[in-house]
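Here are a few worked exercises to help you find your way around. Have a go at each task before you read its solution.

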Amino acid sequence: MRLTRLLPALALSLPLGLAATLSPAAAETELTIMSYNVWGGGGNEQKPVDETVAVIKAAGADIIGVQETRLEPEDCTADVCPAAGDSVAKKIAAALGYHYYDQSKVNDALWANAIISRYPIGPATPNDLGVPVDVEGRKVWVFNIHLDDSPYQPYQLLDIEYGAFPFIKTEAEAVKFAQETRGHALKLLFDDMKAAEGADATFIFGDFNEPSFRDWTAETVKAGHNPIPVRFPTTAAIEEAGFTDTYRAVFPDPVAKPAYTWTPTSEPTATDDHHDRIDFAFARAKDLNVISAAIVGEKPEAAEIVVTPWPSDHRATVARISF
């Protein structure tokens with residue numbers, strides 16, 4: 001397989017893939033964090049797990065929140081789609097020489113999730129959404145979620161049929177449906193995040209199945225990216241809790257860098273879909289510095305780090321941070 005790396009703006013001379021380092025003088029840790037919906041490790045299209053491993057290696061990730069480690073069933077619909085088969089998290093971790101934790105509870109914030117880490121992983125929170133990670137003696141918490149995709153507000157606003165839900169026209173309607181769809185999952189997350197109080201750093205990864213409020217703005221509407229501005233509530237709530245959207249910290253202009261993670265399987269001009277950034281890597285830490293960030297995907301027009309062949313129906317997001 002062929003790997004092409006395009007370094008994102010503001011990246012330092014350090015490559016994304018360096019392991020975390022702790023300087024006794026400065027007490028600074030560097031990590032590369034990643035969120036990646038692996039689509040059954042490529043298994044939904046009969047692709048080998050090796051291709052998923054190659055994506056993570058190309059990103060040089062130290063800690064990865066992985067979604068969809070199991071397959072979609074043949075009779076998957078917008079309303080009913082239970083995960084099938086075994087998780088590929090163990091195979092991915094073994095190929096990397098990493099630790100892993102399968103998030104096996106069934107609740108509104110999970111759909112075949114796993115956390116994979118270069119560093120040892122501790123016991124999970126009550127709702128199975130987070131784990132502590134021992135990064136060379138520093139206390140790091142990692143949370144990983146996969147939120148409900150139905151109803152999906154971009155489709156509702158653009159009259160794209162998906163599930164038995166009404167089309168809508170206003171920001172207030174979009175926020176209402178988003179809160180009804182993902183609000184309970186967000187509560188589970190915030191309940192579990194109480195365990196992270198006092199941590200040196202906390203990360204939230206996930207396929208949110210909801211865009212960022214930073215990407216649906218008056219400017220993106222004027223550019224033709226979106227029909228109306230929407231302050232989507234899930235990303236807004238997480239940022240209000242002190243977290244940084246690592247990709248937008250490096251690339252703040254959503255017109256110049258739409259950074260679509262959904263989807264490599266169609267063109268942005270497709271009338272039966274709407275491309276969006278719905279996969280996120282959020283970080284919170286004292287003296288947090290986002291050194292560099294990238295979308296990892298199948299072609300240079302859509303990603304800063306390019307990997308071919310590409311095994312998923314999502315692109316991944318990755319960031320190099322220090323704290």
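Helices (H or I, at least four residues) and strands (E, at least two) are DSSP runs, and they're numbered from the N terminus. This is a predicted model, where local features need pLDDT of at least 70 and side-chain atom pairs count only at pLDDT 80 or more, while totals for chains, interfaces and linings use all residues. Residues are numbered from 1 along each chain as its sequence is written, and side-chain values use heavy atoms, with hydrogens and water left out.

**Exercise 1. Find N209 and Q46, then work out whether each is buried or exposed**.

Step 1: go to the loop between β8 (201–207) and α5 (218–222), where N209 sits. N209 isn't a glycine, yet its phi is positive, about 50 degrees.

Step 2: check the accessibility. Buried means under 20% relative accessible area, exposed over 50%, and partly exposed in between (1.4 Å probe, protein chains only). N209 has 9% relative accessibility, so it counts as buried.

Step 3: do the same for Q46, in the loop between β2 (30–37) and α1 (49–59). Its phi is near 55 degrees, again a positive value in a residue other than glycine. With a relative accessible area of 68%, Q46 is exposed.

**Exercise 2. Locate the cis peptide bonds at P151 and P309**.

Step 1: look at S150 and P151, which are joined by a cis peptide bond with omega about 5 degrees. P151 lies in the loop between β7 (138–146) and α3 (153–157).

Step 2: move on to T308 and P309. The peptide bond from T308 to P309 is cis, with omega near -5 degrees. You'll find P309 in the loop between β12 (305–308) and β13 (316–322).

**Exercise 3. How do the axes of α4 and α6 cross, and which residues meet**?

Step 1: get the angle. Axes are lines fitted to C-alpha atoms, for helices over the stretch in contact, and angles run from 0 to 180 degrees between N-to-C directions. The axes of α4 (residues 171–192) and α6 (residues 233–240) come within 9 Å and cross at roughly 40 degrees.

Step 2: name the arrangement. Angles under 35 degrees count as roughly parallel, over 145 as roughly antiparallel, 65 to 115 as roughly perpendicular, and the rest as oblique. So α4 and α6 are oblique to each other.

Step 3: list the partners, where contact means heavy atoms within 4.5 Å. From α4 come V175, A178, Q179, R182, L186, L189 and F190, and they meet P233, T234, A237 and I238 of α6.

Step 4: sort them by class. Ala, Val, Leu, Ile, Met, Phe, Trp, Tyr, Cys and Pro count as nonpolar, Asp, Glu, Lys and Arg as charged, and the others, Gly among them, as polar. The contact of α4 with α6 has eight nonpolar, two polar and one charged residues.

**Exercise 4. What does T69 touch**?

Step 1: find T69 in the loop between β3 (63–67) and α2 (89–96). T69 is buried, at a relative accessible area of 2%.

Step 2: leave out residues up to four places away in sequence; T69 then touches V38, G40, D86, S87, V88, A89, D102, A112, N113 and A114.

**Exercise 5. Explore the empty spaces: how many cavities of 30 Å³ or more are there, and what is the volume of the largest pocket**?

Step 1: settle the terms. On a 1 Å grid over the protein atoms alone, a cavity is a set of points where a 1.4 Å probe fits but cannot get out, and a pocket is an open set with protein on both sides within 12 Å along at least five of seven lines; lining residues have an atom within 4 Å of a point. Grid points are joined across faces, edges and corners, and a volume is the space filled by probe spheres set on the points.

Step 2: count the cavities. There are two of 30 Å³ or more. The largest holds about 60 Å³, and its lining includes D215, W216, H225 and R277. That lining has four nonpolar, three polar and three charged residues.

Step 3: turn to the largest pocket, with about 1,000 Å³ of space. Among its 38 lining residues, E68, C81, W111, H146 and D149 are the closest to its centre. The lining splits into 16 nonpolar, 11 polar and 11 charged.
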